[in-house]
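Work through the exercises below with the structure open beside you. Try each task before reading its solution.

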Amino acid sequence: MKKLTALLLAVLTLTSCTADTEIDIAEGLETYREAYTEAGRETEVPYTPPEEIQTEDTTTQWGGIFSPDFTVSGGKYYFETRRSESRGNSVSMIAYTDLATGNSGILCPDPLCTHQSAEVCKYADLEGIYFTDEEGVFYSCRHTFTTTIYRVDVNNDTVQTACAVNSFNVNLLGYDNGKLYFYELKFGMEGRKAGISYLISCLDTDTEKVTELGYIPDEWALTLNLILFVRNDEIYFTAYSSKLMKTDLSLINVTEVIAADPWQWYWDEGTDALYFSTSDPEKQTGSVYVHKDGKTEQIPLPHENIHAFTMTEDRIYYSPYDPVFYGFSNVAFYFEDDPEEHKVYDYTGGKVYAVDRDNPSAEAELVYEASGIDGNRMADLDNCAVFGDYLYFNEITVRREVLGGVEFVTFSLADDVSKIRAGLKDGSFTRISFD
């Protein structure tokens with residue numbers, strides 16, 4: 001679902017630093033150069049369809065797994081790509097790959113469209129992909145001074161306004177039982193105790209009528225970290241950085257689900273279990289858990305500390321902490337701190353392991369090790385997905401610049417972002433880019 005690390009997210013729109021004349025980090029930089037030295041090894045081999053393709057469920061599920069990283073409808077996996085424009089900004093575009101054929105493309109079917117902005121391309125810069133029960137139909141939005149929510153029908157090549165909210169602090173929450181849920185973040189509302197409040201609303205996708213459900217109770221709004229998802233008419237959120245909570249649609253009855261703050265999460269429809277991980281990049285510790293029938297148990301994986309994971313019906317794929325050093329965060333430059341306290345890592349080391357779900361403590365199989373990626377790009381395995389015999393992950397830009405004699409480096413989601421499809425059995429490597 002969704003993180004590089006807390007540190008990297010904090011500097012995502014800034015930059016992070018590596019070396020100056022007084023800091024010798026050349027030896028440290030070799031760690032990432034050695035990890036990704038097979039630069040340019042991009043191979044195309046015949047695509048082998050996954051052994052089993054399940055397309056009966058047309059929402060954001062795959063094989064009974066519900067997660068924000070699994071955006072599948074009609075046998076196609078949808079995701080966002082991004083490209084930099086010459087004038088210094090960037091534009092995003094939703095792309096897809098057919099899980100049965102391997103064919104990929106972008107949503108805009110017009111070969112003459114430049115896709116440079118939303119003014120010239122109706123598909124450009126859409127944020128979020130929330131599929132409905134209708135195959136090929138999803139909701140997305142754009143933010144300006146207001147937030148416009150759109151109904152996108154890829155079958156008929158239409159992007160239509162569903163509603164507009166007079167605020168740019170609006171976030172889509174998810175689709176559930178015929179309704180699209182979203183929330184508006186408000187500050188300093190007069191007459192309310194909370195300095196921050198969260199107004200929950202829903203859009204009926206049949207009538208396109210918006211209903212305000214109400215506010216997250218003040219006692220939780222003050223400690224709320226993140227509203228995660230909605231499932232079976234219940235809204236899940238994290239509070240106190242240590243609890244996963246849920247509330248019904250009345251927003252009155254709040255109960256604790258688990259005494260943990262999920263770093264990543266997956267809902268198994270088949271077993272009605274919540275799989276989640278906890279991860280602390282600063283301490284480089286983390287574990288994977290399963291919560292079912294009111295009980296939470298740690299999954300005994302072969303590696304001790306887990307940074308990121310994903311799963312399928314029968315396997316758990318994970319990346320243990322195996323940090324590759326890239327340099328120093330620019331936080332050190334701006335706050336005049338010791339650079340050693342602001343190191344920037346790829347915590348996965350470019351590796352993914354797999355175990356069977358029914359025997360997770362058995363010896364792990366190394367199923368992927370990053371290759372084919374040069375020093376100016378990085379395999380972001382924090383939020384990967386597996387469909388059949390193929391691993392999908394973002395390939396993001398490693399941005400560098402020198403300020404005050406110091407080289408800065410950032411894992412930038414604001415620059416070019418491509419999707420990599422890596423064959424776990426055939427060794428194929430396919431880059432799906434927005435060109």
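The model shown here is predicted. By the salt-bridge rule used here, the count comes to 15 salt bridges. The first exercises take up some of them.

**Exercise 1. Find the partner of Arg231 in a salt bridge, and state what the pair ties together.**

Step 1. Look for the acidic partner. Arg231 forms a salt bridge with Glu269. The closest N and O atoms are 2.5 Å apart. The cut-off is 4 Å, so the pair qualifies.

Step 2. Place both residues. Arg231 lies in strand E15, residues 224–231. Glu269 lies in the loop between E19 and E20.

Step 3. Draw the conclusion. The two places are 38 residues apart in sequence, so the salt bridge ties together separate parts of the chain.

Step 4. Check exposure. Arg231 has 10% relative accessibility and counts as buried, because buried means under 20%. Glu269 has a relative accessible area of 31% and is partly exposed.

**Exercise 2. Describe the salt bridge of Asp356, then name the network that holds this residue.**

Step 1. Identify the pair. Asp356 forms a salt bridge with Arg315. Their closest N and O atoms are 3.4 Å apart.

Step 2. Place the pair. Asp356 is in strand E27 and Arg315 in strand E24. These parts are 41 residues apart in sequence, so the pair links them.

Step 3. Check exposure. Asp356 is partly exposed, at 37% relative accessibility.

Step 4. Extend the pair. Salt bridges with shared partners join Arg315, Asp356 and Glu365 into one network.

**Exercise 3. Which strands does the salt bridge between Arg399 and Asp415 tie together?**

Step 1. Take the distance. The closest N and O atoms of Arg399 and Asp415 are 2.8 Å apart.

Step 2. Find the strands. Arg399 lies in strand E30, and Asp415 lies in strand E31, residues 406–423. The pair therefore ties together parts that are 16 residues apart in sequence.

Step 3. Decide whether each residue is buried. Arg399 is partly exposed, with a relative accessible area of 25%. Asp415 counts as buried at 16% relative accessibility.

**Exercise 4. Trace the largest nonpolar core through the strands.**

Step 1. Start with the core itself. The largest nonpolar core has 29 residues. Tyr77, Phe309, Tyr318 and Phe387 have the most contacts inside it.

Step 2. List the suppliers. Strands that each supply at least two residues include E4 (76–84), E20 (273–280), E21 (285–292) and E30 (390–403). Strand E23 (306–311) is also one of them.

Step 3. Find the largest share. E23 gives 3 residues to this core, the largest share.

Step 4. Look beyond this core. Another core, of 18 residues, lies apart from it. Among its residues are Cys108, Tyr123, Ala124 and Phe131.

**Exercise 5. Is Cys121 buried or exposed, and which residues does it contact?**

Step 1. Locate it. Cys121 is in the loop between strand E6 (104–106) and strand E7 (127–131).

Step 2. Read its accessibility. Cys121 is at 2%, so it counts as buried.

Step 3. List its contacts, leaving aside neighbours within four places in sequence. They are Met93, Cys108, Cys113, His115 and Arg142.

Step 4. Take one of these contacts further. Cys108 is 13 residues from Cys121 along the chain, and their C-alpha atoms are separated by 7.6 Å.

**Exercise 6. Describe the setting of Thr247.**

Step 1. Thr247 sits in strand E17, residues 243–248. It is buried, at 1% relative accessibility.

Step 2. Beyond four places in sequence, Thr247 touches residues including Asp233, Phe237, Ile252 and Asn253.

Step 3. Look at Asn253 again. Its backbone oxygen lies 3.3 Å from a polar atom of the Thr247 side chain.

**Exercise 7. What is the phi of Asp157, and where does this residue lie?**

Step 1. Recall the background. Most residues other than glycine have a negative phi.

Step 2. Compare. Asp157 has a positive phi of about 55 degrees, although it is not a glycine.

Step 3. Place it. Asp157 is in the loop between strand E9 (147–153) and strand E10 (158–165). It is partly exposed, with a relative accessible area of 29%.

Step 4. Turn to Asp272. This residue has a positive phi of about 55 degrees. It lies in the loop between strand E19 (264–268) and E20.

Definitions and conventions
Residues numbered from 1 in each chain as written. Predicted model: local features only at pLDDT ≥ 70, side-chain atom pairs only at ≥ 80, totals over all residues. Heavy atoms only, no water. Helix = DSSP H or I, 4+ residues; strand = E, 2+ residues; numbered from the N terminus. Buried < 20%, exposed > 50% of the residue type's maximum accessible area, 1.4 Å probe, protein only. Polar contact = N/O pair within 3.5 Å; in protein donor to acceptor, adjacent residues only side chain to side chain. Contact = heavy atoms within 4.5 Å. Core = buried A, V, L, I, M, F, W, Y, C linked by side-chain atoms within 4.5 Å. Salt bridge = Lys/Arg side-chain N within 4 Å of Asp/Glu carboxyl O.
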